[in-house]
Amino acid sequence: MNAKIRALAAVPAIALVLSLSACGGSDSKDDAKDTAAESAAPAGDAAAAGGAAGGEAGGGDDDGKVEPPLTGEIKSKAEKAAVAAHPGTVLKSEEDQENPGLYAVEVKKADGTSIEVYLDKSFKVVKTKEEGTEENEG
């Protein structure tokens, strides 16, 4: 009889554990951040979930393609060429996934507008796109 009482007393505890595990089991802020990062980034893409050094995260367009940020000498040369053609402040620079083989550098101009400058692998400007407009041939 003592074993039956213990078994019945364990039922509410087991139900609580099962219901917590079904709901996620934790309301920790760290878990919430991790979940948000995982849902925002495509599966298997740690760079998009964690961002990149220097405050730049791999960009992405509405089509879900992640654009890796430029780094090192390529980043330096691409940004220098973009600003030489369209003076301003670099907001981000990345490999362009919509146009394979091109680098994309977003520059904020003195008037406050932004322009996307597309460069080929030799750092020549091949086209531009004012933010909110279609691409223009350079």
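## The nonpolar core

A nonpolar core is a set of buried residues of the kinds Ala, Val, Leu, Ile, Met, Phe, Trp, Tyr and Cys that are joined through side-chain atoms within 4.5 Å. In this predicted model, the largest such core holds ten residues: Leu 70, Ala 78, Ala 81, Ala 82, Tyr 103, Val 105, Val 107, Ile 115, Val 117 and Leu 119. Two or more of its residues come from each of the elements α4 (72-85), β4 (103-108) and β5 (114-119). In soluble globular proteins, nonpolar side chains tend to be buried together.

Val 107 offers a view of the surroundings of one core residue. Apart from neighbours within four places in sequence, Val 107 is in contact with several residues, including Ala 82, Val 83 and His 86, as well as Ser 114, Ile 115 and Val 117.

## Overall architecture

The protein contains four helices and seven strands. Read from the N terminus, these elements follow the order α-α-α-β-β-α-β-β-β-β-β.

Of the 138 residues, 20% count as buried. The exposed area of the protein is about 9100 Å², and carbon and sulfur atoms supply 56% of this area. Among contacts with a separation of 6 or more, 28% join residues that lie 24 or more positions apart.

## Confidence in the model

The average pLDDT of the protein is 71, and 49% of the residues score at least 70. Over residues 25-60, pLDDT stays under 50. For this stretch, the model has 29 contacts beyond four places in sequence.

Conventions
Residues are numbered from 1 along each chain as its sequence is written. This is a predicted model: local features need pLDDT of at least 70, side-chain atom pairs count only at pLDDT 80 or more; totals for chains, interfaces and linings use all residues. Side-chain values use heavy atoms; hydrogens and water are left out. Buried means under 20% relative accessible area, exposed over 50%, partly exposed in between (1.4 Å probe, protein chains only). Contact means heavy atoms within 4.5 Å. Accessible areas come from the Shrake-Rupley method with a 1.4 Å probe; for residues, only the protein chains shown count as cover. pLDDT is the predictor's confidence in each residue, from 0 to 100.
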